[in-house]
Amino acid sequence: MKGFLSRLFSRTVKPEFGTPGPRVAGGEMPAHLYGVIAEFPNAEDLLHAVHETRKEGYQVMEAYTPYPIEELNDAIGHGPSRVPLLVLIGGVAGALFGFGLQYWVCVIEYPLNIGGRPYNSWVSFIPITFECTILFAGIAAVLGMLILNGLPMPYHPVFSVPRFQLASRDRFFLMILARDPRFRAGDTYRFMETLGGSHVSDVED
Amino acid sequence: MKTLDGPNFWRSLEEYAETPEFSEMLGREFPRHASEWDGDEDGVSRRRFLELSGASLALAGLTACVKQPREGLVPYVKQPEDVVPGRPLFFATGFTLSGYATGILVESNTGRPTKVEGNPEHPASLGATDVFAQASILSIYDPDRSQTITKLGQIRTWPAFAEELQARVKTSRALFGDGFRVLTPTVTSPTLAAKLRELLGVLPKARWHQWEPAGRDAARAGARLAFGQPADVRYDFANADVVVSLDADPFTFGPGSLAYARAFARRRRDAATGGAAPPRYYAIESTPSASSTLADHRIPLKPSELHAAAAALLSAVSGAAVSGNAAPDARYPWVAACAKDLKAHAGRALVIPGEHAPAEVHALAHLLNEALSSFGVTVFATDPVESEPVDQLASLSALVADMKAGKVDTLLVLGGNPAFDAPSDLGFVEALQRVTFRARVGLYDDETSQYCQWHVNETHELEAWGDARAFDGTVTILQPLIEPLYGGKSALEVLAAAIGQPAAKGLDLVRAHWQKQHPDGFDAFFRKSLHDGFVAGSALPPKSLQAKGTVPAPPAVPRTGIPGDLEIVFRPDPGLFDGRFANNGWLQEVPKPLTKLTWDNAAHLSAGTAKGLGVKNEDFVRLKVGGATLDAPVWILPSQPDGVVTLHLGHGRTRAGRVGNGTGVNAYRLRAAAGLWTAAASAEKTAGRYEFATSQQHFNMEGRHLVRTATFEEYRRDPEFAHRVEEVPKISMYPGFKYDQHAWGLSVNLSSCTGCNACVVACQAENNIPTVGKDQVRRGREMHWIRIDRYYEGSPENPAAHNQPVMCMHCEQAPCELVCPVGATTHSEEGINEMTYNRCIGTRYCSNNCPYKVRRFNFLDYNKDKHLPVLTLLANPNVTVRQRGVMEKCNYCIQRVNRARMDAEKENRRVRDGEVLTACQQVCPTEALVFGDLNDKTSKVAKLKAEQLDYGMLVELNTRPRTTYLAKLTNPNKDL
Amino acid sequence: MSAEADRPPVIAPGYSPATVTDKISAVVLRKTPKWWFVGFAISFIALQLLLISMVKLLILGVGIWGINIPVGWGFAIVNFVWWIGIGHAGTLISAILLLLRQTWRTSINRFAEAMTLFAVAAAAQFVLFHTGRQWLAVYWLFPYPNTMGVWPQFRSPLMWDVFAVSTYATISAIFWFVGLFPDLATLRDRSKHWFGKVAYGMLAMGWRGSARHWHNYEVASLLLAGLATPLVVSVHSVVSFDFAVGILPGWHSTIFPPYFVAGAIYSGFAMVMTLSIPLRKVFGLEDFITMRHLQNMAKIMLATGLIVAYGYGIELFMAWYSGNGFETYMMKNRIFGPYGWIWFLLILCNILTPQLLWLRRVRSSVLGLFFISIIVNVGMWLERFVIIVTSLHRDFLPSSWDMFTPTRWDWAFFVGSLGLFFSLMFLFIRFLPVISIFEMRTIAKGDDPASADTKDMGAVP
Amino acid sequence: MSQIFNRSTNAIARISIWGAVFILAGVGWAASILNRSAYNTNQGVTVMQPVPFGHEHHVSGLGLDCRYCHASVEKSANAGIPPTATCMNCHKLIWNESPMLEPVRESFRTGKPLNWRKVYDLPDFVYFDHSIHVAKGVGCVSCHGRIDRMRLTAQYPSLQMEWCIACHRNPEKFLRPKDKIFDLAWTPQDQETLGRELAKENHLRSTIALTNCSTCHR
């Protein structure tokens, strides 16, 4: 709960959950620096750049693309998504709720003789049980996706990058975060320039 | 249901063969269009709608949260001992129709009469009543009843009238009452008669005239012809093995009909359970009657042939030469067989002349009964029941003549409505206007009152003291159930005023009269008579009279001379009678027997006649009788004799009230003195179409085994015949429920049901069922919880008719309950299919899924009229008045069941058999409906359901109905 | 591949992610065209008619309709089933075709889903308003602990309906909104006006299109698709239970669930066709919604249409084969009874006309497809009328048979529901991208036209 | 591209989303409270009457039996409100000057009934029957509380359906011996066993039967 609240009111923007927590960064790094970003013309270049960066030993980075690229997630070293787990939990909860409600009402709380059918007409309870399962699972899927993606987050440092709006058009970006233990302000900037990307720039926090 | 090759049932000629007419008729139903937007039938005009539209949405949201204002609680100041708040009281009194009384018990809830029941002790009721008695409760509260005394439309006080009346009496005294006349309907009331005679004593030359539009002149004249003296006859069907009706309607019309129906039905019941031989009933009639649905043989005849047929029958029975030839009349092949049957049962036979048959036919009937030595066994002659048996037509004609001649200066009209129902050619209304002082005592400010300077608003029967005789002469003392709602005076009190006792109260007058008869121990006598509902031993003793004299000559049948002319037959309306009940919504809406028409009367024709005239249902025919013409819409009626058109009297009122004005056509316009019940008429098709509202749209049984019939012979041969038609699933997916307390059920005997509708109206009264009006009936939204389905079987010219009362079947595996999303209809542990109005949200799914379609829905706010304070008084306090948007249906009178169970439990016992009577059962003259506990093996209903005749409708659907039917048995003559 | 060759592409050559993005977002961001106001005005007037009718209904009761005993359900339920059916195409396209990796869906799924939402809205109001006491139905139909201590009756198909429809509405809404995320972000980044930025920005919730975003996003949408697929099947099955669970001849039939679902998809695609044809015209999106899409949809219609035909056939066969007198009569009455002409009309619209789609010439004629789609819509409405009204108006006891005649208020509600649907539709096409931009980017990826068509374009099932 | 939103909006966004959830839950909770509140049910609300009749004084004080005034409680659905005459039996003699009782005397003089206001006002579609409850061993106190301690009469229970069926589901919790029905002060030693015995001996109907709709609604 405490973690939740702190997240809720945190002034500084943390990346999505699941990324490694902040480490002790190099002293000479300016506190307000969030990361260094570079722009790429297409997915292939971006992927290549990511591999390079990983080879270089960087861990905490983010790639921005106009459309999903399957390989990217593994390349960048993010684990598998935890959405499916949440969906499973939601579904099971829904099923239990759906049938439980009907059984409790029709057998325990207020048994009534309805057209001579038994109190526990489980056959008739199936459709509602099913619908509840779907409903809960679906909601779990969306909320899970939002939470795991750390949304809503209308403000994010990367939005200050002038060319970033092209990320939702046809440009590809890679950003190494300042929190990365290997991060050294000057070096990283220079390293980025070697990746073949254009418009390398610091991202202020 | 494997095969559907049942008997070929059908219900109207259109479908007998799916003719173009039929498809055309359905086509007609199609463009039927609603007009809610304009027009007021749903009570909201364009303007009102706009007013309301703003509020409405908010309203809809808030209905649930609005806090009800706190109700008041008003105790008595001094409470009468016998009153226990919350428990009804029953008072014995009488209901009179054209003079004759039926004993009734009226339920009174804290001073409000709310329901009429039959008086089981009373010979004319035996616990049953007819539709009219049931509906009379509504008339008390009718807001259209006249509520003040008026003179030329100006409101006057009672003293003012009394003074003027006495002044008239004083002045005419000088002339020994010359020119002073009183006009009444048929009078059987001893007190009223005495008062009239008292008046005539004061005014020797004054005269008392009587006029009853549906009167019994023919019967009186017939009796004179046969016995040479005035006499009445009454019948005992219990002893009758063979019954021949000469155009009679013994079980649904006339003073004794309830008792007759009961006796006849009992005979059939006994026969079915292996008792005595079943009675046989030949219905020879000029127009189909409700009784004839019980007939074993229906023989349609033109009214003009009735006499000849009767004569032929007589000659065949007695061998007496009739009108020249003793040879059996070739025109009536059935006579021989019928006569043989009669002779075979001489001494156990009975011939009944119809109330509307000509006098000569009555005489013939008496002679037949004489020849069959039925007198003293099945027929009893007595002195006339009426106080003053006169030829009322003559009486009225004389009055009119005198009025025309200016010999009448004072006319007191006590009840009746002659301006509307007098023979059209007498010119009653014109004559009336020549009378200087005209006073009318009546329930309504109606057609007659409009021509009288004085109108005195009459008290309703249930508001006033009085007395009357039943068909057998038994006297009933009528006591009021409630202070006159609109003030008013009874005819008795008006007469008293005329002879100088303006302050006399009805009670005192009645007491005074009976005190004279029973001077000693009067109080005890009077209290007992009131309590019992009749004066013990006041029935008229049978007299041994000899029906002698030669066969009377046939009555002259006037002919129009036009080729292809018709004979017209007038009948009192099954709902409105002679028109007096026109403003009674219940009687307007109750579907008429046989035709199922509501809110209308029609010119009934046989298919052949209709074809001849080139008319279809709902076309107009122009009927001409003498000089008078009338355009009437056509309704084709099977087993109507060819060449006969039947019109029901009583419709077409102009001053009946908001309900009764302008329904149907006024048949009295064609009814001349010469042809009160039948006349020669000509008919031709005229332009225009009419729209009838029938409670049933489609009439073909499609060969489904809904009504199951057999003859007694077949039944004896194959007692299981009723179960040979479908497969009843014995298995169920579900364990089902055990009903180990009570298990309520209902048995309906199709052999007894005459389709008289008493149950329909009784249910309406008991369960606060609203009327919906003609337009809504047309849309198929009538609300009756019981309907009486009617099917025909056999040839379209003269089929057998079957009645089948259908109400909720209380299925143990009810399809309706399963589909209700909010559980508003559930099953009680006593097996009653409960309808919880306050839980219903009105999806109508239950009705869709009900195979019997017995559920009724409040499509609109049909209880608007209940908002009239006076009509709230009518409501049964033990039954919820349903809101708009709520489903409702028969619930086996759950309020009665609960009351009985609670009473029983308070005494720590089970409910006894017969302790719970459903409203329909209680009113049924033929005991066709029996309700009770199926778990109590000794109960009547349990025994009935054990019979082989017992079958359930649509049981192949595995609904397991609690309401089942006893197959219909008939006893036709093999020789026919 | 030869067959592939002569099929029109799912996207016209020469589009890159950039151009796709600009072209589609331009539709939203450019100023409102004249015809939009006209169209919206008309739909909005129809919507007012619905509101007036509702007021009238609340004042007087359902008696203003033509319903009676025995025909307790009339237009209201006919319309309800019709709308719910139409809704199905949306979910089907976005969910099932997604699972089947049918890339051609990408250019139609967005407004198909929107259509689903609005159709469900139009249907849902009938569920409430057809009841006699709407002010109670609105909360008694939901299970919640109340002071009466009573609960809904869960054995009733209507109760199943309540759950199915509300679940369906929720899931479709979620699915639709999720699909919109990246595009909202796109619009946020494209819009010049501050209000646009803020509005779309808020809705986009700060979507950045990071690798993790996309990953969770893909997984979530795939799962949603997986959930929505059985849901969409269940919903119309449940709707069909309203009838199949009843004992009426003409209702009580096991064929109903599959044949209702097929019918739903049938009408749904017809409606998508009806909408997309004018849409691509006025917005000049012929390059994205190509003949390929129209033809694929036509083929699906043909397929589902045949399933429906099979359903009718089975009904006829069972009526004869069961030897059940009630069934037999019901069928006889359905065809030759007073409503027979409607049945023949239904066969004409639903079975005969669509057979034209066998012809390639018809399939490649936009106008032809447009009219056929409309005819099918009408046909499917008639089908529901036949099932509901003709079964009800003559059931077991001939004595209670009666006719149903619609009143002007029946029609008002029908037209009004159309108004509701199209009003929402117009708002949608004005303010949200009618085509999923980011998914279009995936198939327009690579600048060379050839690559546009290299990905598997999927054969129609 | 520049920032559209301020840093703080992140917090605001999250708070508003989670807040919405809590607010909805809160509204639902408030509604259920309001629904059961005295405002809605009139539970415990004293009703002003034309005459400030005090049960406390008449029952505890003078020891009148309930049935002296509510005469039909054992015979009928209605317990019966006493006619003015009943009041006057005593008040002819005592307090016959008291201005407080003037309405009673006036009613007696003029024959115009006293117009009391209903305290226990059930909906019209509920058919409660006093006599059967009394016959089955349900005491006055179960529904009317310690009315003998009420100066002015107030509605003791909520009278909501959940309250009714709570008893109809297990009546044995409330049953008492015949002679203790009208004894408001009496409390049983062992209601458990007593209730079960009484249920048997008074032939109480099964819980199913007692919770059938038609038991109270018609």
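User: Before we turn to helix α17 of chain B, what makes a residue count as buried?

Analyst: A residue is buried if its relative accessible area is under 20%. In this predicted model, F522(B), F525(B), F526(B), S529(B), L530(B) and D532(B) are buried in α17, which spans residues 522–532 of chain B. The elements covering these buried residues include β3 (89–97), β20 (475–478) and α16 (506–517) of chain B.

User: Why is the pair of W158(B) and F161(B) called tilted?

Analyst: The structure holds 87 aromatic pairs over all chains. For W158(B) and F161(B), the ring centres are 5.9 Å apart and the planes stand at 35 degrees; ring centres within 6.5 Å make a pair, and planes neither under 30 degrees nor over 60 degrees apart count as tilted, so this pair is tilted.

User: How do you know whether W158(B) is buried or exposed?

Analyst: W158(B) has 14% relative accessibility, and because the cut-off for buried is under 20%, W158(B) counts as buried. F161(B), at 0%, counts as buried as well.

User: What makes F522(B) and F525(B) an aromatic pair, and of which kind?

Analyst: Their rings lie 6.1 Å apart, centre to centre, with 45 degrees between the planes, and the pair is tilted. Both residues are buried, and because they are 3 residues apart in helix α17 of chain B, about one helical turn separates them.

User: How do you know that R671(B) lies over the face of W677(B)?

Analyst: R671(B) is at 4.4 Å from the ring centre of W677(B) and lies over the face of that ring, where the distance limit for such a placement is within 6 Å.

Conventions. Residues are numbered from 1 along each chain as its sequence is written. Chains are lettered from A and ligands numbered from 1 in the order in which they are written. This is a predicted model: local features need pLDDT of at least 70, side-chain atom pairs count only at pLDDT 80 or more; totals for chains, interfaces and linings use all residues. Side-chain values use heavy atoms; hydrogens and water are left out. Buried means under 20% relative accessible area, exposed over 50%, partly exposed in between (1.4 Å probe, protein chains only). Helices (H or I, at least four residues) and strands (E, at least two) are DSSP runs, numbered from the N terminus. Contact means heavy atoms within 4.5 Å. Rings of Phe, Tyr and Trp (its six-membered ring) pair if their centres lie within 6.5 Å; planes under 30 degrees apart count as stacked, over 60 as edge-to-face and the rest as tilted. A charge sits over a ring if NZ of Lys or CZ of Arg is within 6 Å of the ring centre and within 35 degrees of the ring normal.
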